[in-house]
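Work through the exercises below with the model open. Each one gives a task and then a stepwise solution.

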Amino acid sequence: RLKWTPAGCGRAMDLKLDVGDSLYCYLDLENVSVRWAISRGALISASELNEPNSNPGRFVSHTIASILTHSNTLKFKNELIVENFRLNKCPEKISRIDGMYFFIDRDSALTVSRGLDAWGGHFVESNLHEVLLRNGRYSIYDSQWITYAPRCSDGLLDESRLEWITKYFEGEPYNENPIWEVLLNGAKYAF
């Protein structure tokens with residue numbers, strides 16, 4: 001039910017979501033708070049808990065919480081580089097720090113759990129779930145910009161080569177086979 005606008009140029013801005021559209025997400029069923037959300041039948045983004053007009057970070061997404069829980073400081077530092085850029089250059093875009101991550105179709109979602117570029121962790125097919133959009137603001141990006149971003153030898157994003165972040169936040173596809181991720185804020189989703 002996902003619709004492309006007539007422009008059809010293949011950019012994320014040409015994708016439109018409506019209430020009731022299916023989205024796909026990986027849910028870490030080992031996480032107690034995720035199981036609680038499932039039992040309630042709704043996921044609520046951390047942004048809904050943060051005060052209006054405040055900087056993100058008071059409450060963080062499950063993704064960021066998992067990064068911190070597993071002491072993945074490199075990944076967290078990289079997320080902070082992206083977030084700092086967003087705050088300074090395009091604050092109207094959804095934050096990766098307190099937003100929720102979804103995929104627009106099952107095939108895109110499965111791509112990140114398979115092959116040499118698999119994301120690992122809880123991104124396994126058995127954790128993939130379909131959810132229905134109920135409400136909220138969203139931004140759509142090609143996740144490959146982050147996967148293939150220039151990095152230093154230690155794995156940290158190369159801060160002298162951040163031109164790709166503009167393309168990410170503008171919704172440009174990385175290549176002819178984008179893996180569209182949907183970041184949602186202030187929203188609830190039904191299973």
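A salt bridge here is a side-chain nitrogen of Lys or Arg within 4 Å of a carboxyl oxygen of Asp or Glu. The model is predicted.

**Exercise 1. Test the pair arginine 96 and glutamate 181 for a salt bridge, and place both partners.**

Step 1. Take the closest N and O atoms of arginine 96 and glutamate 181: they are 2.9 Å apart.
Step 2. Apply the cut-off of 4 Å. The pair forms a salt bridge.
Step 3. Locate the residues. Arginine 96 sits in the loop between α3 and β5, and glutamate 181 in strand β8 (residues 180–185), so the bridge ties together parts 85 residues apart in sequence.
Step 4. Check burial. Arginine 96 and glutamate 181 are both buried.

**Exercise 2. Find which residues the shared salt-bridge partners join into one network.**

Step 1. Look at arginine 96 again. Arginine 96 also forms a salt bridge with glutamate 79, with 2.8 Å between the closest N and O atoms.
Step 2. Place this pair. Glutamate 79 belongs to helix α3, and arginine 96 to the loop between α3 (73–89) and β5 (100–103); the two are 17 residues apart.
Step 3. Glutamate 79 is buried, as is arginine 96.
Step 4. Combine the bridges. Through shared partners, Glu79, Arg96 and Glu181 become one network.

**Exercise 3. Describe the salt bridge between glutamate 83 and arginine 86, and state how many salt bridges the structure holds.**

Step 1. The N to O distance between the side chains of glutamate 83 and arginine 86 is 2.7 Å.
Step 2. Both residues lie in helix α3. Their spacing is three residues, about one turn of the helix.
Step 3. Both glutamate 83 and arginine 86 are buried.
Step 4. The total for the structure is four salt bridges.

**Exercise 4. Work out how β5 is paired and where its side chains point.**

Step 1. Identify the partner. β5 pairs with β8 in the antiparallel sense, over four bridges.
Step 2. Read one position. Methionine 100 stands opposite leucine 184 in β8.
Step 3. Sort the side chains. Met100 and Phe102 point one way from β5, while Tyr101 and Phe103 point the other way.
Step 4. Check burial. All of these residues are buried.

**Exercise 5. Classify cysteine 25 and cysteine 90 as buried or exposed, and count the disulfides.**

Step 1. Buried means under 20% relative accessible area.
Step 2. Cysteine 25 has 2%, so cysteine 25 is buried.
Step 3. Cysteine 90 has 7%, so cysteine 90 is buried too.
Step 4. The structure holds zero disulfides.

**Exercise 6. Characterise the surroundings of lysine 167.**

Step 1. Place lysine 167: helix α6 (residues 163–169).
Step 2. Its relative accessible area is 39%, so lysine 167 is partly exposed.
Step 3. List contacts, leaving out residues up to four places away in sequence. Lysine 167 touches Trp145 and Glu172.
Step 4. Compare sequence and space. Aspartate 142 is 25 residues from lysine 167 in sequence, and 9.1 Å away C-alpha to C-alpha.

**Exercise 7. Summarise the protein chain as a whole.**

Step 1. Count elements: six helices and nine strands.
Step 2. Take burial: 42% of the 191 residues count as buried.
Step 3. Take contacts between residues at least 6 apart in sequence. Of these, 74% join residues at least 24 apart.
Step 4. Take the surface. The accessible surface is about 10,200 Å², and 52% of that belongs to carbon and sulfur atoms.

Technical notes
Residues numbered from 1 in each chain as written. Predicted model: local features only at pLDDT ≥ 70, side-chain atom pairs only at ≥ 80, totals over all residues. Heavy atoms only, no water. Buried < 20%, exposed > 50% of the residue type's maximum accessible area, 1.4 Å probe, protein only. Pairing = 2+ DSSP bridges. Disulfide = S-S within 2.5 Å. Contact = heavy atoms within 4.5 Å. Areas by Shrake-Rupley, 256 points an atom, 1.4 Å probe, with all protein chains shown as cover.
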